[in-house]
Amino acid sequence: MTRPAPQISIYPTADDLVQGAVAVVTELAQAAVAARGRFTVALAGGGTPRPVYEQLAAPECADRIAWDKVQVFFGDERCVPPTDEQSNYRMAREALLDQVPLPAENVHRIGGEDDPAKAAADYELEMRRVFAPALPPAFDLILLGLGGDGHTVSLFPGTPALREKDRWVVSQFVAVMGAWRVTFTPVLLEAARNLVFLVAGADKADVLTRVLHGPYQPEVLPAQLTRSGDGHTRWMVDAAAATKLETG
Ligand code: 6PG
């Protein structure tokens, strides 16, 4: 099933992008809680989302979301301890999770400190526990970044996880990073109700236009895998990243 055409929103500055992203996350959270009594979200790692998480935790924003009804997962994790500065969990904990009234049992982190294959298997079991019987898990929102090489979560070009059709979470050694990662597979991206990409900075201009307007080549540009599924995809980008987009 090919997803409806993605909604592309271009923001004048990185801060405008942050404000826009906070508004979208808040809107999706409120709608999910109203419709299904909870909001299931998978957070993105890397640097772009951090100011969005910090703003979500700001007093003027935090009380717009019923945090006790939010279930937080992570789209991928570096295979490091949760205290490591590389940990996506640590970044989100510092920027958001420790700043809002989110019950500890609602935060589902990937065991970065564990054997990667075990961490992936355990994470799938945790998802099964939280989402059953509605499987595969249809996240209300998966937040995503875009790497300069076209990767998203830890679906890197030419890696085995790109071709995973059954498992929801896998581990893989990412040679270009020289490190193990645990990542959502395309199965979860396809099942999600909403995908939101956050892309900022001139260094993403080339890859963004290749992903959105170039030939479909997901082995080379894994972010293109999000074209399948029947949910809604938003690309929220700043003007610096959008300089090469065909906006006509
Ligand atoms: C990670 C992320 C990864 C990230 C992109 C973009 O673990 O690093 O999941 O997919 O979203 O690499 O990272 P930036 O936002 O830092 O450019």
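## The largest pocket

Gly-45, Gly-46, Gly-145, Leu-146 and His-151 lie nearest the centre of the largest pocket, among 21 residues that line it. Strand E4 (76-78) and strand E5 (141-144) are the elements that give two or more residues to this lining. The model is predicted. About 270 Å³ of space lies in the largest pocket.

The lining is mixed in class. Eight of the residues lining the largest pocket are nonpolar, nine are polar and four are charged. The space taken by the ligand is this largest pocket.

## The ligand and its shell

The ligand is surrounded by 15 residues. Gly-47, Thr-48, His-151, Val-153 and Lys-204 are the closest of them. His-151 also appears among the residues nearest the centre of the largest pocket. By class, the shell around the ligand holds two nonpolar, nine polar and four charged residues.

Which atoms of Gly-47 lie 2.7 Å from an oxygen atom of the ligand, backbone or side-chain? The atom in Gly-47 is a backbone N or O. Asp-76 uses a polar side-chain atom, and this atom lies 2.7 Å from an oxygen atom of the ligand. Asn-88 likewise brings a polar side-chain atom, at 2.9 Å from an oxygen atom of the ligand. Taken alone, the ligand exposes 420 Å². The protein buries 85% of that area.

## Val-153 in its loop

Val-153, one of the closest residues to the ligand, sits in the loop between E5 and strand E6 (169-174). Its phi is positive, near 40°, in a residue other than glycine.

## The cavity

The structure holds one cavity of 30 Å³ or more. About 80 Å³ of space lies in the largest cavity. Its lining has 12 nonpolar residues, no polar ones and no charged ones. Valine lining residues are Val-25, Val-41, Val-70 and Val-72. Leu-43, Leu-56, Leu-96 and Leu-143 also line the cavity, together with Ile-65. The aromatic side of the list is Phe-39, Tyr-53 and Trp-67.

Which elements each supply at least two residues of this lining? They are strand E2 (39-43), helix H2 (50-56) and strand E3 (70-74). E2 gives the largest share, three residues.

## The second largest pocket

About 160 Å³ of space lies in the second largest pocket. It is lined by 13 residues, and Pro-4, Pro-6, Thr-226, Arg-227 and Trp-235 are the closest to its centre. Helix H7 (205-213) and strand E9 (232-238) each supply at least two residues of the lining. By class, the lining of the second largest pocket has seven nonpolar, four polar and two charged residues.

## Cis peptide bonds

Where does Pro-133 lie? Its place is in the loop between helix H5 (116-131) and E5. The peptide bond that joins Ala-132 and Pro-133 is cis, with omega about 5°.

Pro-136 is also found in the loop between H5 and E5. The bond from Leu-135 to Pro-136 is cis, and its omega is near -5°.

How values were computed
Residues are numbered from 1 along each chain as its sequence is written. This is a predicted model: local features need pLDDT of at least 70, side-chain atom pairs count only at pLDDT 80 or more; totals for chains, interfaces and linings use all residues. Side-chain values use heavy atoms; hydrogens and water are left out. A residue is near a molecule or strand if one of its heavy atoms lies within 4 Å of it. A polar contact is a pair of N or O atoms within 3.5 Å; within protein, one must be able to donate a hydrogen and the other to accept it, and residues adjacent in sequence count only if both atoms are side-chain atoms. Accessible areas come from the Shrake-Rupley method with a 1.4 Å probe; for residues, only the protein chains shown count as cover. On a 1 Å grid over the protein atoms alone, a cavity is a set of points where a 1.4 Å probe fits but cannot get out, and a pocket is an open set with protein on both sides within 12 Å along at least five of seven lines; lining residues have an atom within 4 Å of a point. A molecule sits in a cavity or pocket if more than half of its atoms lie within 2 Å of its grid points. Ala, Val, Leu, Ile, Met, Phe, Trp, Tyr, Cys and Pro count as nonpolar, Asp, Glu, Lys and Arg as charged, and the others, Gly among them, as polar. Grid points are joined across faces, edges and corners, and a volume is the space filled by probe spheres set on the points. Helices (H or I, at least four residues) and strands (E, at least two) are DSSP runs, numbered from the N terminus.
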